Amino acid sequence: MEPKNAEQIRILLGRSGLEVSQERLESLAKTFEEYRSRLELLYSVDVENEEVAGIFYPGEHPGEEGSP
Amino acid sequence: MTQTSTELYYLTIREAGRLIKARELSPVDLTRALLERIEAVDGKLKTYVTLLADEALAQAKAAEAEIQQGRYRGPLHGIPMAHKDLYDTKGVRTTGQSKVNEHRVPKEDATVIRRLAEAGSILLGKLAMFEFAMGGPETSLFEQARNPWNVDYVTSGSSSGSGAAVAAGLAMGSLGSDTGGSIRGPASYCGIVGLKPTYGRVSRYGVLPLSWSLDHCGPMTRTVEDAALMLQAIAGYDAKDPSTSQTPVPDYAAALKEDVKGLVIGVPKAYCFNSEADIDSETIAAVDKALRDLEGLGARVEEVSIPSLEYVPVANNVILLSEAFTYHLPNLKSQPQNYGEAFISRLYMGGLLTASDYVQAQRVRSSIKREFDQVLQRVDLIGMPTSNNPPVTLEEFKPGSWLHGPSFTAPFNETGMPAISVPCGFTQAGLPIGLQLAGKPFDEPTVLRAAYAYQQHARLYEKRPPA
């Protein structure tokens, strides 16, 4: 996983419609760099055939016995 | 009335409920005692962000009248409580302790607030918290709660006011919320009981969200039996919260037995008793002794291996930050200046994560849950410390600490398992330490039973903070 510089962070936050100060961008770049090794750990896990753990109820009666 | 008002505020819910039922204690006298206690010490502890003294007394008088007319509702009737300021309360400002919501007044009660009111409890007010349930003691609105065992120390978060108020006799019980440990952490640091029920056991409707798939609502009390009584009132399906389950709600108080014979407690020692991994030695000693005490009471304690615990903090953070960022995005655009720095600096990180990060975190979460499911086929409970370190001073608190270190509470937000923190000792500096016990989904009765047996053995709930 590549480090992110202030400009890359500006673009990423810009996708969500956010404009933040240069000082904030630099601070986030530093924090992201600290967090990067953790994110790499996430991708090191062998999740084989695991699906996402999100919750989706297709029926009209969420909360039936045994769910979630 | 047999008690003096100085004793009343430290009654447990169960004790007070029995006296109220027998008409030996007036809810009005009890509420007055709590209000006097708040007036006397909350200037130091700063637990209340909204105090509803007149309204509480009016509710207490109504409760008293009902009981005198023979309409006793149950063990919470006439019991004064206060709740974290993210539970919607009709007509009462609910802020999440953020300037973003400084003038927000809900038109409806959260489901759990309504259920507690229907059970007859009295609302004393709203309690301090970390801003929007994340970040740290520094918030954009109101002051922060102090630890009643030493006011220079943090309470942990995010249910900071709930932990401090219950410990200091300023509320007999409180609702906290827990996304990565926000009920159990403050319970541990303030020397009280905190129960995070199974995901889906308690409605989240009308509760300001942090992360929809990780948020849990639950009770914070001085004793395990009080947690059982509060859980009884709030548990159960809610059509307004599609994540709630229709699994029948058992009688939690009936589960409270001092007998733990035959229960098997699995302890992931390699992860949580590792003194080289930023885990405090006094915490290890206290929790190890508590587990040996449970063994002495008849439980079997065995070491278990759960390698995926290593991945829990990052998976939990990625899910939490992604969901929180999405929820807060409209206000991040329109009023970023109204967020506190501790919260917003962490929240922005959610905007840097990708869809792939989020999906991978949810897949890792499935993997973590699968591993716990396998372990729970062999054991009834998981036992471990609630926190890896005892409280630090407010000056020592590092807002960036979430980036590093283990989390002993987040595994049970990831898996949705019920987990309780019960006091198990004190550091040499006199600060509380918590034992955490987690059980199978919807098996709160076994969690409560083991915690109750330990509590009755250790009797640490009889200790009072000096504040």
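1. Two strands count as paired if DSSP finds at least two bridges between them, and with that in mind this note looks at one strand pairing in chain B and at the contact between chain B and chain A, in a model that is predicted.

2. The hairpin is a good place to start reading. Strands β10(B) and β11(B) form this hairpin with 5 residues between them, and G430(B), which lies in the turn, has a positive phi of about 85°. The two strands, β10(B) at residues 419-426 and β11(B), run antiparallel and are joined by 7 bridges. To find this pairing in the structure, look for V422(B), which stands opposite L435(B) in β11(B).

3. Which other strand pairs with β11(B) in the antiparallel sense? It is strand β9(B), residues 381-385, and the pairing extends over 5 bridges. Here a helpful landmark is L381(B), which stands opposite G439(B) in β11(B).

4. Is strand β11(B), residues 432-439, mostly covered or mostly uncovered? The strand is mostly covered, since 8 of its 8 residues are buried. Both of its faces are covered: on one side the buried residues are P432(B), G434(B), Q436(B) and A438(B), while on the other side they are I433(B), L435(B), L437(B) and G439(B). L435(B), already met opposite V422(B), therefore belongs to a strand whose residues each have under 20% relative accessible area, as the term buried requires.

5. Turning to the two chains, the contact takes 47 residues from chain B and 39 residues from chain A. The area buried between them is about 3700 Å², and carbon and sulfur atoms give 63% of that area. In chain B, the residues that lose the most area to chain A are Y348(B), L352(B) and R363(B), which together account for 19% of what that side buries.

6. The polar side of this interface deserves its own point. Across the interface of chain B and chain A there are 11 residue pairs in polar contact, counting pairs with both residues at pLDDT 80 or more. On the side of chain B that touches chain A, the elements giving two or more residues are α11(B) (312-334), α12(B) (341-350) and α13(B) (355-375), and α13(B) gives the most, with 12 residues. The residues of that side divide into 23 nonpolar, 17 polar and 7 charged.

7. Salt bridges also cross the interface, where the rule finds 2 of them. One of these is formed by E50(A) with R370(B), whose closest N and O atoms are 2.6 Å apart.

How values were computed:
Residues numbered from 1 in each chain as written. Chains lettered and ligands numbered in written order. Predicted model: local features only at pLDDT ≥ 70, side-chain atom pairs only at ≥ 80, totals over all residues. Heavy atoms only, no water. Contact = heavy atoms within 4.5 Å. Buried area = accessible area lost by both parts, 1.4 Å probe. Salt bridge = Lys/Arg side-chain N within 4 Å of Asp/Glu carboxyl O. Polar contact = N/O pair within 3.5 Å; in protein donor to acceptor, adjacent residues only side chain to side chain. Helix = DSSP H or I, 4+ residues; strand = E, 2+ residues; numbered from the N terminus. Nonpolar A, V, L, I, M, F, W, Y, C, P; charged D, E, K, R; others polar. Buried < 20%, exposed > 50% of the residue type's maximum accessible area, 1.4 Å probe, protein only.
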